[in-house]
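Please examine the model shown below. The paragraphs that follow lead through its chains and the place where they meet.

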Amino acid sequence: MKHSQDLLLDVAETLLTEEQIAAKVAELGKQISDDYAGRELTLVSVLKGSLPFMADLMRRITLPLRIDLMEVSSYGGTATESSGLVRILKDLSAPIDGRDVLIVEDIIDTGLTLNYLIRYLKGKNPRSITVCALLDKPARRLVEIPLDYVGFEIPDAFVVGYGLDFGEVYRNLRFVGVLRPEAYES
Amino acid sequence: MSEEESSRGPRADCSFAHASEAEFARILDFYQVDWQYEPITFPILWDLDGNVLESFAPDFYLPDLEIFVELTTLQQRLVRKKNRKVRRLRELYPALRIKLFYARDFRALMVKYGRSALVSELSGTLGQVMPHSEADEYGLPAGPGGLDRSNATDDADPSVPGSNPEQGPGRERRSRAARRRATRKAAAATVYAAAT
């Protein structure tokens, strides 16, 4: 992988500005606050890509809530070589039985990871499980999973920034941009 | 998730027609999505006597998700025929859900999983699995992972052996067996059609 020292040079175009993201996150936060009023909400963020979204979203929700973090191994990672199966790299730190769980995801494309995660979390007997995704890329969908809260539906392009990476780089961009093909083509 | 579910492992006993299909199966295994490889062949064209002239076997069926998946990682100009078959399939079996994965989709999947370097060898002509003798004959590499295509179902037009431009030189030889399989599976497909 060959990324520039100035990451902005690797971005072909800005898809979502910092301001657009902030406005959408505020809108989602209000909607979630209204929908979950009086209930026991736990936000579950899926590392690492959804961290910035989680941090912003939780501050836009006006209800008392808990947060928790999970990490799931990705295909092609080191875990592939050892087991050939998806693994929970970091599990929840507190029980969720009887609680309303809102999974916070940065992006849903194939839906494979989310499908696995929902099946896993259902085994922990939560009262409900819903999904909030900042970005939805339906063109890539393989597993149809209803998304309860969606920030933006985006075109079929390789996007980075606001937590989204390529090879662990670009997560710190404050906006979502389309990566130049030269940056990921070998 | 039950212990039984979490202990499901990758399947090593399946032969694929193309390296991209094997890689796709590994991805499904990784995420513990159950799959079947070419489980059914759908007749899509009949003659006036009701004999099947053309059939189509989608690459994968994901039973838990109730969706068929067809991978098309060959050159775009060769995809037209497959697009036509999928359209026909949807017309004849409207209740059936099928997702067509094009070369660009597969490439994006590989990039996402940090396997972009493998794209060229897993897709296109190079990804077609050939026995070693044929690979030697045509100067092409044999497919990875010891795969063979003896279990592959041909989705070419069975009335015109070897007419499919996607077949390449090594695929003609299996068209007769594929036709026999297509005929056997046609009955099953008819049952499916009646049920839906």
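**A walk through the two chains**

In this predicted model, helix H3 of chain B, residues 79-92, lies across strands E5 and E6 of chain B and runs at about 170° to E6(B). A further helix of chain B, H4 (residues 103-112), packs on the sheet as well and touches E5 and E6 of chain B. The direction of H4(B) makes about 75° with that of E6(B).

The two strands that these helices touch belong to an open sheet of four strands in chain B, ordered E1-E4-E5-E6, with mixed pairing. Strand E1 (36-37) and strand E6 (98-102) of chain B stand at the edges and have a single partner strand each, so one side of each is left without a neighbour in the sheet. Between strand E5 (residues 67-72) of chain B and E6(B) there are five bridges, and these two strands run parallel. Within this pairing, Val69(B) is found opposite Lys99(B) of E6(B).

Chain A may be considered next. Chain A contains five helices and nine strands, which follow one another along the sequence in the pattern β-α-β-α-β-α-β-β-α-β-β-β-β-α. The C-alpha trace of chain A spans about 50 × 40 × 25 Å along its principal axes. For 186 residues, a compact globule would have a radius of gyration near 16 Å; the value for chain A is 17 Å, which agrees. Of the contacts in chain A with a separation of 6 or more, 66% are between residues 24 or more positions apart.

What share of the 186 residues in chain A is buried? Buried residues account for 35% of them. Helix H2 of chain A (residues 51-58) offers an example: its buried residues are Pro52(A), Phe53(A), Met54(A) and Leu57(A). The elements that cover the buried residues of H2(A) include helix H1 (18-35) of chain A, together with strands E2 (41-47), E5 (100-108) and E6 (128-136) of chain A. An α-helix has 3.6 residues a turn, so residues three or four places apart point the same way. Among the buried residues of H2(A) are Phe53(A) and Leu57(A).

It remains to describe where the chains meet. The contact draws 22 residues from chain A and 19 residues from chain B. On the side of chain A that touches chain B, helix H4 of chain A (residues 112-122) gives the most, with six residues. By character, the residues of this side of chain A comprise ten nonpolar, nine polar and three charged.

Conventions
Residues numbered from 1 in each chain as written. Chains lettered and ligands numbered in written order. Predicted model: local features only at pLDDT ≥ 70, side-chain atom pairs only at ≥ 80, totals over all residues. Contact = placed C-beta atoms within 7 Å. Nonpolar A, V, L, I, M, F, W, Y, C, P; charged D, E, K, R; others polar. Pairing = 2+ DSSP bridges. Axes fitted to C-alpha atoms, helices over the stretch in contact; angles between N-to-C directions. Rg over C-alpha atoms; globule rule 2.2 N^0.38 Å. Buried ≥ 20, exposed ≤ 12 C-beta atoms within 10 Å, placed from the backbone.
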